[in-house]
Amino acid sequence: MDELIARLRRISVSSLCDADKTMRACDPAIHALVPVTTVAGPAVTVVADGDLLGMLAVVTSAPAGSVLVVDSRGSTLAASGELFATEARRRGVAAIVVDGYYRDLRRLPGVGLPVFARGSHPAAGPMAGPAEFGGKIRCGGIDVSPGDIVVGDEDGVLIAPPERVAALIDRAEEIERTEAGVLTAIEAGTPFAELSNAAEHVAARAEGRESTFTFHT
């Protein structure tokens, strides 16, 4: 698992999506609130649907390297803020992903923890309970179980079981190597059409023939 996480941190979420076009990413409304590099880790799940007791429980117990994945169940109250994010960073948590809202946005860059959310909202709920965490939740339209792999960057967030992500990593890395070569060639002045079968592919599909777009590099 550690090797997989390390490899995931070196690639983009878009490359993982390209490696399997059936892979669903989270709702694009869930986005990085400040610029980030790729983060990856196993999910720790929690519900914060207007009450923060579950968040208090996981923020003070989540293992280093994990990603807190928060289901707000449609609540517009903030599910996390500067204090929770700072404690999560102190514990070595990799990121927080909230299907909902965050607050203290002004101070987030100084916290040093990647946070993904739908946006910011100043109001938060009580810590009265009951605390609900460690079970199956929904985040951005995706079913999430504890231990699922979370990968996030400025393009968005992908969450899937470890075995499915592991099956994509080789192909995703190959895609990145190919695209790096194509980008270098384009920047050197080579037309995109000369680096791929673009013309043939467009013509084939216009005629209803089977075809797959490919690069020549």
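This is a short talk on one protein model, from the overall picture down to helix H6.

Start with the status. The model is predicted. The protein has 217 residues, and 46% of them are buried. It holds 7 helices and 13 strands. Along the principal axes, the C-alpha atoms fill a box of roughly 65 × 35 × 30 Å.

Next, contacts. Take those in the protein with a separation of 6 or more. Residues 24 or more positions apart account for 67% of them.

Now surface and charge. The accessible surface is about 10,600 Å². Carbon and sulfur atoms own 53% of that surface. There are 20 positive and 29 negative charges in the protein. The mean position of the positive set lies 4 Å from that of the negative set.

On to helix H6. H6 runs over residues 162-187, which makes 26 residues. From first C-alpha to last, H6 reaches 36 Å. The expected figure at 1.5 Å a residue is 38 Å, so to speak a close match.

Where does H6 bend? At Ile 169, by about 40°. Ile 169 is also one of the buried residues of H6. The others are Val 165, Leu 168, Ala 172, Glu 173, Ile 175, Val 182 and Ala 185. Note that Glu 173 is on that list.

What do the buried residues of H6 pack against? Two helices, H1 (2-8) and H2 (13-19). Two strands as well, E12 (149-153) and E13 (156-160).

Last point, the exit from the helix. Just after H6 comes Gly 189, with a positive phi of about 110°.

How values were computed
Residues numbered from 1 in each chain as written. Predicted model: local features only at pLDDT ≥ 70, side-chain atom pairs only at ≥ 80, totals over all residues. Heavy atoms only, no water. Helix = DSSP H or I, 4+ residues; strand = E, 2+ residues; numbered from the N terminus. Buried < 20%, exposed > 50% of the residue type's maximum accessible area, 1.4 Å probe, protein only. Contact = heavy atoms within 4.5 Å. Areas by Shrake-Rupley, 256 points an atom, 1.4 Å probe, with all protein chains shown as cover. Lys, Arg positive; Asp, Glu negative; His and termini not counted. Charge placed at Lys NZ, Arg CZ, Asp CG, Glu CD. Bend = angle between axes of the 7 residues up to and from the residue.
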